[in-house]
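Some labels in structural biology are simply cut-offs applied to a value. The questions below ask how such labels are earned, one step after another.

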Amino acid sequence: MRNLINFVLKHFAWIAFFTFVTISLMLLFRFNAFHNYIFLSSANSVSYSIHSVKNSFTSYLNLKETNSDLLIRNAELENRIIYLQNRLSEYELQEYNDSIPDEKLIPGYKYIIAEVINNSISKPYNYILLNKGKADGIEPEMGIVDHNGVIGIIDIVGEHASRAISLLNPKFRLSCKVKNHDFFGSLVWGGHDPSTVLLEEMPRHVDFEKGDTIITSGYSAVFPEGLLVGTIIDTEKDKDDNFLSFKVKLFTDFSQLKIVRVIKNDRLAEISSLNEHQPK
């Protein structure tokens, strides 16, 4: 108690000064309208600044939780989009399958509808990836067509996907003929233009015209006879003077491949077995 009294006596002048200043300010702001308005405005401004800082700090603390919630919502939306895309693909495949005319369903052949998931047209050796594989009945050496014509042939099969050698690949040679003629030759890609191929080894003594339609010859267990390929747009000299080569414009636009049909020949194993027993 003595220390408190000594402190008050020692600092009495300062204590009295601050006491009178405080009382003066209270009287000034309480009984003077202008100064009261200034005080309240300043107090509100300070209060607003304090609340803004507090809210900003609180928002910063909650930012991590908000980001986590957004990431979860984005993942849910992406999963839903993928699900809807898969369902749309299923409907498109079913619609494509239902739209195939009965006259195109050749006896002895079955069709497996597949979707192209990757495709190249500008490489020296082009391939096509499909979303169907062994589990869907796909096997090596099955032919592929779309609604316009021949596409390629399956060479590698996985459980749920498969790869095909594209018609735009020098490794793939297809036996073809001119429609309404029995002369046949070998169709091969020249390696440059993805819209044209060459039909080689055609006899010189037969008259063919530009615009003639090229179809599969049927001399293969993979493709039945009569599948569309393209039309003759020019004639070229063959390596052998006894033959001609035709430049053929393909019916299929390989840059727009999406849904295709994989051709299954029920008699493929039987035909292959007979070919193996032919004398060499």
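Q: What makes a pair of side chains a salt bridge?
A: The term is used when a side-chain nitrogen of Lys or Arg lies within 4 Å of a carboxyl oxygen of Asp or Glu. By that rule the structure, which is a predicted model, holds three salt bridges.

Q: Why is the pair D155 and R163 called a salt bridge?
A: The closest N and O atoms of D155 and R163 are 2.6 Å apart, and because the limit is 4 Å, the pair meets the definition. As for accessibility, D155 counts as partly exposed because its relative value is 25%, and R163 counts as partly exposed too, at 26%.

Q: How do you know that E200 and R173 form a salt bridge, and what does the pair tie together?
A: Their closest N and O atoms are 2.8 Å apart, which is to be set against the limit of 4 Å. E200 lies in strand β8, residues 196-203, while R173 lies in the loop between β5 and β6, so the pair ties together parts that are 27 residues apart in sequence.

Q: Why is E200 called buried, while R173 is called partly exposed?
A: Buried means under 20% relative accessible area, and exposed means over 50%, with partly exposed in between. E200 has a relative accessible area of 16%, so the label buried applies; R173 has 41%, so the label partly exposed applies.

Q: What makes K177 and E225 a salt bridge, and which parts does the pair tie together?
A: The closest N and O atoms of K177 and E225 are 2.5 Å apart, so the pair satisfies the limit of 4 Å. K177 lies in strand β6 and E225 in the loop between β9 and β10, so parts that are 48 residues apart in sequence are tied together. K177 counts as buried because its relative accessibility is 10%, whereas E225, with a relative accessible area of 48%, is partly exposed.

Q: Why is N180 called exposed?
A: The relative accessible area of N180 is 74%, and because exposed means over 50%, the label follows. N180 is placed in the loop between β6 and β7, and has a positive phi of about 75 degrees although it is not a glycine.

Q: Which label, buried or partly exposed, fits E201?
A: E201, found in strand β8, has a relative accessible area of 41% and is therefore partly exposed. Its phi is near 65 degrees, a positive value in a residue other than glycine.

Q: What makes T196 count as buried, and which residues does T196 touch?
A: T196, which is found in strand β8, has a relative accessibility of 10%, and because buried means under 20%, the label applies. Not counting residues up to four places away in sequence, T196 touches W189, I233, K247, V248, K249 and L250.

Q: How do you know that β1 and β2 pair?
A: Two strands pair if at least two bridges are found between them, and β1, residues 109-119, and β2, residues 127-130, have three bridges in the antiparallel sense, so the condition is met. In one of the bridges, the partner of N118 is L129 in β2.

Q: In what order do the six strands close into a barrel?
A: The order is β1-β2-β5-β4-β3-β12, and the pairing is antiparallel. Neighbouring strands of this sheet are turned by 45 degrees against each other on average, direction ignored.

Conventions: Residues are numbered from 1 along each chain as its sequence is written. This is a predicted model: local features need pLDDT of at least 70, side-chain atom pairs count only at pLDDT 80 or more; totals for chains, interfaces and linings use all residues. Side-chain values use heavy atoms; hydrogens and water are left out. Helices (H or I, at least four residues) and strands (E, at least two) are DSSP runs, numbered from the N terminus. Axes are lines fitted to C-alpha atoms, for helices over the stretch in contact, and angles run from 0 to 180 degrees between N-to-C directions. Buried means under 20% relative accessible area, exposed over 50%, partly exposed in between (1.4 Å probe, protein chains only). Contact means heavy atoms within 4.5 Å.
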